[in-house]
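Please look over the structure shown here with its charged side chains and its enclosed and open spaces in mind. The report that follows takes these topics in turn.

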Amino acid sequence: MIFAKYQVPRYYSSKDKSKEMALKDSNDVSEFKIKSKTSSSAPAPIDSSLGVEKLMKKDKRPYIPKLKHERLTFDYPGLPNEDDFIKQVNKPKKITRWSRYVPKILSVIAVIWGGYTIKVWYFSSEKGSDSKDMLSPNAFHPFIITHKQEIDKDHYLIEIHPKYNHWQYSYYNDYAKKSIWNGDKIWSVEVKQPEIMVVRSYTPLPLYFMKSEYTRSGEREPLLKVVNNDAEDYDKLGVMSFYIKKYDDGEVSKYIVNKKVGDEIEMRGPYTDYKFPYHPLKQFHERPIFRDLPSTIEPEHLIEKVKKVNKLPDFDNVNFYGAGTGIAPILQVLLSRNPYRGFVNVHYSAKKEGELKPLERFLFFLEKLDRIKLHSHYDTHTPLSSKDISKAEPSNYISDLRLEEKASNLTSEEALKLRMSVLEGDSKKDADSKEDEDSDLINERYPRFENAIQQAVVTSQTPKKPASLTLVCGPDGFVDYLAGPKDRAHDQQGPVLGLLKDKNWDNTNVFKF
């Protein structure tokens, strides 16, 4: 029989309990040390049976990026009572490039259009801005100086350009007749000096400066070229140049020369100074315009055949005497469209060499084309004298109207008969010429040339006939010395005197500018 040891419980009184608690407090706490696995600030340990530590463990596998990613979208579910209309209203608006920028662009256009409308309707346009003509003889038009080249201390080349371009729209139709450059006439413009209200006449030249990348750096001057219409730019948008000499007492010349590039000048015109006599060959033949590269100028094919078939004479040759800037009129004719078809002897006088430096190239090429012969006269050597004046040659063609004008001593009845014969004679001549055409003459072969230079090599071998017309332009003393003074009080030519009178020239074949 087994007896279990039974421990009788001990009963403490309140006094005993307080003694026991006091005994425990008196003992050292170090006796109750607990071994902690983590720091005191760490979270409570996680039960390993749940597998959380495995999920929080760092993935040691290498990262391999995917070539294509799948994008997941989650739509917010609609309300249970939502219908199709509410879905359409609450549908988010798509923002595209057009919806973002088109309203801004339209706003800018509306502002610009509004500003333009206010300017047109409430502010008056500047005078001459809406003109249909580049130049007007009744009103001054503004031009801008676009280039200025100093030849020497007294001579300058000034390039100008119209300030407004409204006139260009009228040039689109029938440009050949509206072009200001026509070799059948010599014309000029008047430039105004607004400070003293004085005008002076100047002869424009169909020249412009072709700008290049070297101009701004100053390493090279821009190239001076002839205005043409190859690119259908209608007279190079109205550009032209002036060859001007600055005089100490010349108010207008000093006013123009002292202007800077970008400044404005005002001028009006054109005024026809001289028109070459009519010649029937003009309707059958037109001389090609001068070009900067002479090898590209077309030859004058079949000109000899046209003259023989139509039984027409040659154009009259011309003597031109110019001094200083007075060479501008003949240069305008020779470099314009439809230049003069006759041969021109150019006698140029100057104080010293070098005054024509930028223009010498054009005169040289015109000589190579067998269109002119240049004779230079300088005060220091080879001055102009009577030996340089040729005798007057009768004109190759005199129109019936000019014959009628010469017959001033006829009575009224004789003049009427002459006038009727003039009017009836043209149709008779045309009918007779058609009947008398020779088939052998029509089928005759004539030499053909590749360009005008090649043709000039042949035509230069033929002697030229003396001139039948003389033009004089230069300072007053030069004109008086050659052809006598003009009657400036009445703006008349006056009698021909001086060197030309000694060689039998008169008012019928001499014109003084």
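What follows is a report on a predicted model, covering salt bridges, an unpaired lysine, pockets and cavities.

## Salt bridges

Side chains of opposite charge can pair when their charged atoms come close. In this model the count comes to 14 salt bridges. One of them joins Glu266 to Lys192, with the closest N and O atoms 3.2 Å apart. Because Glu266 belongs to strand β8 and Lys192 to strand β3 (residues 185–193), this pair ties together parts that are 74 residues apart in sequence. Glu266 is partly exposed, its relative accessible area being 28%, whereas Lys192, at 13% relative accessibility, counts as buried.

Another salt bridge is formed by Glu300 and Arg287, whose closest N and O atoms are 3.1 Å apart; Glu300 and Arg287 both lie in the loop between β8 and α9 (303–310), 13 residues apart, and both are buried. Asp314 pairs with Lys307, and here the closest N and O atoms are 2.1 Å apart. Asp314 is partly exposed, with a relative accessible area of 37%, while Lys307 is buried, with a relative accessible area of 11%. In addition, salt bridges that share partners join Asp152, Lys352 and Glu355 into one network.

## A buried lysine without a salt bridge

Lys259 sits in the loop between α8 (251–257) and β8 (264–275). Although Lys259 is buried, it has no salt bridge, and the nearest side chain of opposite charge, that of Asp263, is 5.0 Å away. Since a salt bridge requires a side-chain nitrogen of Lys or Arg within 4 Å of a carboxyl oxygen of Asp or Glu, the distance of 5.0 Å to Asp263 leaves Lys259 without one. Leaving aside neighbours within four places in sequence, Lys259 is in contact with Ile145, Lys148, Glu264 and Ile265.

## Pockets

The largest pocket has a volume of about 1200 Å³ and is lined by 36 residues, of which Arg200, Ser201, Tyr202, Gly474 and Phe513 lie nearest its centre. Among the elements that each supply at least two residues of this lining are β3, β7 (240–245), α8, α10 (328–335) and β13 (510–512), but β4 gives the most, with five residues. By class, the lining of the largest pocket holds 14 nonpolar, 10 polar and 12 charged residues.

The second largest pocket, with a volume of about 870 Å³, has a lining of 34 residues, and nearest its centre lie Arg287, Ile303, Glu304, Lys307 and Thr459. Arg287 and Lys307 have already appeared above, as the salt-bridge partners of Glu300 and Asp314. Helices α9 and α15 (452–459) each supply at least two residues of the lining of the second largest pocket, and the largest share, five residues, comes from α15. This lining divides into 14 nonpolar, eight polar and 12 charged residues.

## Cavities

A search of the whole structure finds two cavities of 30 Å³ or more. The largest cavity holds about 60 Å³ of space, and the residues that line it include Gly128, Asp133, His141, Phe143, Lys163 and Trp167. Strand β1 (residues 141–150) gives the most to this lining, with three residues, and the lining as a whole divides into six nonpolar, three polar and two charged residues.

The second largest cavity holds about 30 Å³ of space. Its lining consists of 10 residues, with Trp181, Val227, Asn228, Ile289 and Arg337 nearest the centre, and by class this lining has five nonpolar, three polar and two charged residues.

Conventions:
Residues numbered from 1 in each chain as written. Predicted model: local features only at pLDDT ≥ 70, side-chain atom pairs only at ≥ 80, totals over all residues. Heavy atoms only, no water. Helix = DSSP H or I, 4+ residues; strand = E, 2+ residues; numbered from the N terminus. Buried < 20%, exposed > 50% of the residue type's maximum accessible area, 1.4 Å probe, protein only. Lys, Arg positive; Asp, Glu negative; His and termini not counted. Contact = heavy atoms within 4.5 Å. 1 Å grid on protein atoms, 1.4 Å probe; cavity = no way out; pocket = protein on both sides within 12 Å on 5 of 7 lines; lining within 4 Å. Points joined across faces, edges and corners; volume = space filled by probe spheres on them. Nonpolar A, V, L, I, M, F, W, Y, C, P; charged D, E, K, R; others polar.
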